[in-house]
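Me: Could you take me through one part of this model slowly, as if I were new to reading structures? I'd like to see how the strands fit together and what sits in the turns.

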Amino acid sequence: LGHAVLPIGDILKLGPGAVVELEQAVTQPVELTVRGVPFATGEVVVVDGNFAVRIVALLPPRGGRAAE
């Protein structure tokens, strides 16, 4: 869902309930990958209080058409 770079000293200061802000807004599409290869795009949703990803589109396999 995003990346963050923190110095080791800052990581050691994190505790329960700490929040690390990511560079990507929750409303932006996310890319789903398997072994680093993108296969779909999706959106972040909340289901019963847990985060989940809803698949919006499958990416084309090796030059094929995308499924929606």
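Reply: Here is a walk through the sheet, strand by strand and then turn by turn. One thing to keep in mind is that this is a predicted model.

Let's start with the overall layout. The sheet is open and has three strands, in the order β1-β2-β3, with antiparallel pairing. Why do β1 and β3 each have one side without a neighbour in the sheet? β1 and β3, the latter covering 50-58, stand at the edges, and each has a single partner strand, so one side is left free of a neighbour. The strands aren't lined up perfectly either: on average, neighbouring strands of this sheet are turned by 50° against each other, if you ignore direction.

Now zoom in on the pair β1 and β2. Strand β1 takes in residues 30-34 and strand β2 residues 37-47, and five bridges join these antiparallel strands. You can follow the pairing with your finger. Val-30 in the model sits opposite Gly-42 of β2, while Val-34 has Val-37 in β2 as its bridge partner.

What links the two strands? β1 and β2 make a hairpin, with two residues between them. Arg-35 belongs to that loop between β1 and β2. Have a look at its backbone: the phi of Arg-35 is near 50°, which is a positive value in a residue other than glycine. As for its surroundings, Arg-35 has 85% relative accessibility, and since over 50% is called exposed, Arg-35 counts as exposed.

Move along to the loop between β2 and β3, where you'll find Asp-48. Asp-48 isn't a glycine, yet its phi is positive too, at about 50°. Its relative accessible area is 77%, so Asp-48 goes down as exposed.

That brings us to the other edge of the sheet. Phe-51 is part of strand β3. Is Phe-51 buried or exposed? With a relative accessible area of 66%, Phe-51 is exposed. Phe-51 still has contacts, though: leaving aside residues up to four places away in sequence, Phe-51 touches Val-44, Val-45 and Val-46.

So, to retrace the path on your screen: begin in β1, go round the hairpin turn at Arg-35 into β2, pass Asp-48 in the loop between β2 and β3, and finish at Phe-51 in β3.

Conventions
Residues numbered from 1 in each chain as written. Predicted model: local features only at pLDDT ≥ 70, side-chain atom pairs only at ≥ 80, totals over all residues. Heavy atoms only, no water. Pairing = 2+ DSSP bridges. Helix = DSSP H or I, 4+ residues; strand = E, 2+ residues; numbered from the N terminus. Axes fitted to C-alpha atoms, helices over the stretch in contact; angles between N-to-C directions. Buried < 20%, exposed > 50% of the residue type's maximum accessible area, 1.4 Å probe, protein only. Contact = heavy atoms within 4.5 Å.
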